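Trainee: Could you take me slowly through one part of this model, namely how its helices pack against one another? I would like each term explained as we reach it.

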Amino acid sequence: MTIRFLPAPGAPRRLAAAQLSNSVGDGAYYVCSALYFTRVVGLSPAQIGLGLTLAWAVGSVAGVPLGALADRRGPRGTSVLLALATAASVASFLFIRSFPAFLCAVVLYAVSQCGLAAARQALLAGLVAPRERTGVLAHLQSTLNAGLALGAALGGLALGAGTERAYLVVFALDAVSFLVCAAVLRGLPPVEPAPGRAAGEPRLAVLRDRPYALVTLLNAVLLLRMPLLSLAIPLWIAERTQAPGWLVSALFVLNTLAVMLFQVRLARPVTDLDSAGRALRLSGVVMALSCAVFAVSAVPSSGWAAAALLVAGAALQADAEMRQSAGSWQIGFSLAPAERIGQYQGFFGTGVPVARTLGPLLLTALLLLWGIPGWLLLGGLLLAASFAMGPAARRAEARAEERARRAPAGAASPGLS
């Protein structure tokens with residue numbers, strides 16, 4: 001039973017081990033960070049929100065040049081250095097006691113995390129065959145959720161203790177987890193750096209690739225579902241439904257278990273752009289249904305009836321999330337030039353920090369102020385973006401093939417990976 005959750009032996013399994021190590025620490029960090037910064041550091045919620053917003057905004061910009069650095073210098077060494085930088089940023093949380101220090105630490109954390117994500121994608125691309133990458137990423141996503149769940153349980157113990165020492169142990173654990181991640185990544189086979197730029201090629205070519213930018217924008221829209229379980233749905237349950245408050249935790253557990261159990265299975269059919277487009281279209285339909293079910297949960301006067309609808313909506317949302325992830329992974333890799341994977345993945349990955357910064361504001365305004373019509377509008381937006389992704393990806397593919405034909409012989413061409 002356990003073996004099927006593991007990727008193939010060798011590089012994929014080592015990548016999963018690195019993912020597991022840092023996700024355990026991150027799970028504990030996510031559970032405890034807000035209370036630590038308020039109760040121990042003494043920051044206000046407004047200061048924490050401002051600092052995190054600025055940090056992820058800087059991180060989203062830094063991901064592209066750090067991904068390009070991974071291309072030029074080799075993704076393994078760059079990944080190791082950025083994992084060490086993340087460990088250092090988390091360790092610095094142990095000592096900060098002012099807002100300026102907090103801001104510097106979280107900016108370093110966000111920049112390191114965004115750069116590490118891009119470099120690890122480039123490392124995976126160098127070690128895994130193109131048709132196998134989405135499957136390996138599905139295994140890594142399952143591993144990520146397992147680690148986050150374990151880390152959240154450890155963070156819960158710290159919350160139960162409620163002492164400064166318990167919080168400090170959590171941050172130390174997260175820092176150590178990234179040191180372990182760096183050590184595991186260091187043990188992977190090296191990947192050769194990409195060839196140098198051709199004459200006249202811009203340093204960050206992805207910034208001039210408009211079709212790929214459109215695909216990235218659509219992916220960012222689809223990732224607006226990220227703050228649903230962590231922010232929008234808890235507030236919706238509290239303010240608009242009769243469901244019990246403990247259901248917030250139950251829905252989070254449901255999502256985590258679903259991804260652990262079914263992400264690999266749902267990603268298995270996704271091997272090219274056509275199958276990725278089908279997965280995304282189906283995810284859009286399921287996500288629109290999920291939003292409709294969440295909207296209707298405000299209607300019943302019975303708490304248990306509302307809870308049943310919320311569970312059904314969360315199950316649909318988890319299914320849509322897994323299909324959307326698989327389709328987006330395939331598209332992001334398939335359209336990136338083989339020798340520019342790092343910078344392209346750094347750019348494609350900006351959807352995550354964008355969703356983290358803009359998503360909470362947008363979703364709370366849309367859902368809590370507009371109520372049921374807001375849910376229906378969100379479902380329509382996600383449905384439209386999912387159906388638009390296929391044509392946008394085909395246009396980007398055609399543009400990449402055209403550039404490859406025009407590239408001079410022997411030059412680094414932006415062909416498809």
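Mentor: What follows is a close look at one helix and its two packing partners, with a few words on confidence and on a database record.

This is a predicted model, in which local features need pLDDT of at least 70 and side-chain atom pairs count only at pLDDT 80 or more, while totals for chains, interfaces and linings use all residues. Residues are numbered from 1 along each chain as its sequence is written, and side-chain values use heavy atoms, with hydrogens and water left out.

The mean pLDDT (the predictor's confidence in each residue, from 0 to 100) is 88 for the protein chain, and 94% of its residues reach 70 or more. Over residues 409-417, however, pLDDT stays under 50. Where pLDDT is low, the predicted coordinates should not be read in detail.

Let us centre on helix H4, which covers residues 99-127; helices here are DSSP runs of H or I with at least four residues, numbered from the N terminus. Two packed helices are described by the angle between their axes and the distance between the axes. The axes are lines fitted to C-alpha atoms over the stretch in contact, and the angles run from 0 to 180 degrees between N-to-C directions.

Helix H1 (residues 11-40) packs with H4 at an angle of about 160°, the axes lying 13 Å apart. H1 is therefore roughly antiparallel to H4, a label for angles over 145 degrees, just as those under 35 count as roughly parallel. Contact (heavy atoms within 4.5 Å) involves, among others, Asp26, Tyr29 and Tyr30 of H1 and Gln113, Arg120 and Leu123 of H4. By class, this contact has eleven nonpolar, three polar and two charged residues, where Ala, Val, Leu, Ile, Met, Phe, Trp, Tyr, Cys and Pro count as nonpolar, Asp, Glu, Lys and Arg as charged, and the others, Gly among them, as polar.

With helix H6 (residues 164-186), H4 packs at about 25°, again with axes 13 Å apart, and H4 and H6 are therefore roughly parallel to each other. Here Gln113, Leu116, Arg120 and Leu123 of H4 meet Phe178, Cys181 and Leu185 of H6, giving five nonpolar, one polar and one charged residues.

Finally, an unreviewed UniProt entry lists residues 80-100 and 167-188 among its "transmembrane region" spans, although such annotations may be inferred rather than shown by experiment. In the model, residues 80-100 are 71% helix and 0% strand, with their end C-alpha atoms 27 Å apart.

Note on methods: Helix = DSSP H or I, 4+ residues; strand = E, 2+ residues; numbered from the N terminus. Parallel < 35°, antiparallel > 145°, perpendicular 65-115°, else oblique.
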